[in-house]
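Please read these notes with the structure open beside you, and take the points in order. They begin with one term and then move from a single chain to the place where two chains meet.

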Amino acid sequence: MSGTTSTALRIRRGITLPLLLLVVWEFSSRTGLVDPRFLPPLESVIATARRELFGNDLIFDLLSSLARNLCGFLLGAAVGIAFATVLALSPLAGRLVMPTFNGFKQISLLAWIPLISVWFGFGEQAKIVFVALACFIPVVLNTYDGMRDAPADLIEVGRALQFNARQRFWRIYLPSAMPAIATGIHLGLIYSWLATVGAEYFLAVGPGIGGLVIAGRERFDMAMVMVGVIILGLVGFSLNRLAATVENHLLRWRPPRAA
Amino acid sequence: MAVLTVTEVHAAGGAPRVWRKRTMRGLTALLLPAALLLLWWTASDRGWLAEQILPHPVYVFEALRDMLASGDLVYHVGVSLRRVLIGFAIGACLGLALGIAMGLSERVEDYVKPLFLAFAQIPTLGWIPLLMLLVGIGETLKIIVITKGALVPMTLNTFAGIRNVSPRYLEVADALRFTRWQRLRLVILPAAIPFVFTGIRYGLTHAWTSLVGVELLASSEGLGYLLVWGRQMFWLDTVIIAMLAIGVVGFIMDGGLNRTERLIQRWKRSEI
């Protein structure tokens with residue numbers, strides 16, 4: 001933000017509150033100020049993390065969640081891009097379908113879970129369908145907007161050069177929609193992780209980090225819940241960073257945005 | 001502005017044509033829902049769809065009528081709305097205060113932002129089980145979860161709004177020797193208002209989504225509860241009605257804010 005404050009000072013300030021929080025946590029759990037069932041001491045959280053990691057199958061849970069996330073994400077993104085492309089390139093199809101799509105979009109995502117569980121059960125299939133749905137919506141919206149906003153002069157050039165439909169798609173619409181598609185995919189990745197967590201909460205069958213958290217809650221094992229929640233946050237954070245990096249790399253040809 | 005004049009000319013010159021075009025668009029938009037409804041109806045009539053997969057539309061209408069007549073639906077919508085409004089009001093006020101504090105003072109930003117971002121990183125859904133252990137499954141849980149949902153976008157947008165105040169305005173304020181309070185009230189806050197509004201919109205949307213999540217996990221009334229209960233009893237008509245109600249309320253809230261936002265933008269434009 002500014003050069004007046006040195007980086008070292010900013011870091012020092014940044015870690016003050018978290019450190020303070022840890023000290024208060026450690027102090028209050030050691031002195032018995034707070035019931036350890038509500039606030040387990042730090043070392044018991046670490047011990048639980050270690051137990052889950054080496055004794056139980058934390059890695060397997062994590063991989064299951066990630067695999068689910070990835071399957072749903074790929075499915076939702078692929079179908080979403082294809083669907084939005086058709087709608088954007090055919091004005092009639094767009095006018096027919098988009099209003100209905102926008103209506104369905106209003107139903108908040110988690111509200112689909114009961115219906116999905118009726119249609120697809122509680123197993124893997126239902127979870128992947130739900131994750132795919134979560135990813136589908138932002139991908140469609142952004143891809144559609146991106147394709148519709150293809151610059152008119154480029155379209156005119158295409159007409160002058162007598163491009164056929166395929167050339168128009170590959171040379172004009174797709175490249176000019178790329179940034180929007182990337183945004184859609186980025187959002188889709190974030191949403192699909194949220195949906196993975198949601199699916200594992202509500203369709204709690206099979207391995208997964210969400211299942212771990214729910215199990216921890218049922219056993220009143222605060223340490224386990226904390227470990228699970230921290231992992232949820234870390235994975236979300238990493239996915240977000242990954243998407244941002246990939247996005248920047250793929251769009252490096254784009255002239256720098258006017259800030 | 002240019003776009004506006006063109007539409008005005010169109011509206012003045014060819015009002016019937018514009019009107020007809022709009023009607024055509026509306027009719028086209030309704031075609032697909034009508035077709036889907038017809039398909040649903042036929043499929044249920046012919047027994048292609050099992051009753052446990054999708055109930056007959058007539059049953060859904062009847063259930064809707066019953067729930068409206070008995071006041072059940074209104075009751076559950078009311079419960080959910082109350083929770084969202086309380087949680088949102090708390091979250092928005094806290095977010096506004098935090099965003100302003102972080103935006104105005106670099107020191108506060110340096111101290112608070114890293115911790116805030118770390119907390120914000122964990123999805124609202126992730127907090128629910130943890131909070132359930134801490135505060136139980138009562139009304140407090142719902143309010144806290146919804147507050148968190150509204151707080152994060154509100155804080156971040158307010159913060160961005162204050163940081164994005166054009167330096168030119170600040171220079172004018174300096175030249176006029178505004179006091180700190182005048183600077184805040186006359187320059188910084190008005191300039192940040194569009195951002196704050198974005199924060200309010202996202203905040204309300206997040207609050208509504210969080211409400212559905214928390215009501216699905218732990219509730220004995222409200223729309224989310226209606227979903228869970230309908231699912232357990234295999235009353236899919238109830239499930240569908242609850243979904244529709246969630247969509248309609250979300251739509252109305254978003255639409256209302258959208259309109260207010262445009263009103264405010266118009267004020268801003270006339271000001272400039």
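Before the points, one definition is needed: a helix here is a DSSP run of H or I that is at least four residues long, a strand is a run of E of at least two, and both are numbered from the N terminus.

1. The model is predicted, and the percentages of helix and strand quoted below should be read with that in mind. Over residues 104–122 of chain A, the chain is 53% helix and 0% strand, with end C-alpha atoms 23 Å apart. UniProt, in an unreviewed entry, marks residues 104–122 of chain A as a "transmembrane region", and it gives the feature also at residues 72–92, 172–193 and 223–243. For residues 72–92 of chain A, the span is 95% helix and 0% strand, and its end C-alpha atoms lie 29 Å apart.

2. Chain A as a whole contains ten helices and zero strands. Its overall form can be described with two values: the C-alpha atoms fill a box of roughly 80 × 60 × 30 Å along the principal axes, and the radius of gyration is 23 Å, whereas a compact globule of 259 residues would have one near 18 Å. Of the 259 residues in chain A, 35% are buried. Among the contacts in chain A between residues at least 6 apart in sequence, 74% join residues at least 24 apart.

3. Two helices of chain A deserve a careful look, beginning with helix 4, residues 91–105. This helix has 15 residues and reaches 20 Å from its first C-alpha to its last, close to the 21 Å expected at 1.5 Å a residue. Helix 4 of chain A nevertheless bends by about 35° at A:Val97, and a proline, A:Pro99, follows within four residues.

4. Helix 10 of chain A, residues 222–250, has 29 residues and reaches 42 Å, close to the 42 Å expected. Which parts of the structure do the buried residues of helix 10 of chain A pack against? They pack against helix 2, helix 3, helix 8 and helix 9 of chain A, together with helix 5 and helix 6 of chain B. The buried residues of this helix include A:Met222, A:Val225, A:Ile231 and A:Gly236.

5. The meeting of the two chains involves 40 residues of chain B in contact with 43 residues of chain A. On the side of chain B that touches chain A, at least two residues each come from helix 2, helix 5, helix 6, helix 9, helix 10 and helix 11 of chain B. The residues on that side divide into 28 nonpolar, eight polar and four charged.

6. Both chains carry the UniProt annotation "domain: ABC transmembrane type-1", in each case from an unreviewed entry, at residues 62–243 of chain A and at residues 77–254 of chain B. The annotated part of chain A is 85% helix and 0% strand, with its end C-alpha atoms 19 Å apart. The annotated part of chain B is 89% helix and 0% strand, and its end C-alpha atoms are 16 Å apart.

7. A last point concerns B:Gly71, which lies in the loop between helix 3 and helix 4 of chain B. Why is B:Gly71 counted as exposed? B:Gly71 is exposed because 10 other C-beta atoms lie within 10 Å, and the cut-off for an exposed residue is 12 or fewer. The C-alpha atoms of B:Gly71 and B:Ile188 are separated by 47 Å, and the two residues are 117 residues apart along the chain.

Conventions. Residues numbered from 1 in each chain as written. Chains lettered and ligands numbered in written order. Predicted model: local features only at pLDDT ≥ 70, side-chain atom pairs only at ≥ 80, totals over all residues. Contact = placed C-beta atoms within 7 Å. Nonpolar A, V, L, I, M, F, W, Y, C, P; charged D, E, K, R; others polar. UniProt positions renumbered as here; feature names shortened; annotations may be inferred. Rg over C-alpha atoms; globule rule 2.2 N^0.38 Å. Buried ≥ 20, exposed ≤ 12 C-beta atoms within 10 Å, placed from the backbone. Expected span 1.5 Å × (residues − 1). Bend = angle between axes of the 7 residues up to and from the residue.
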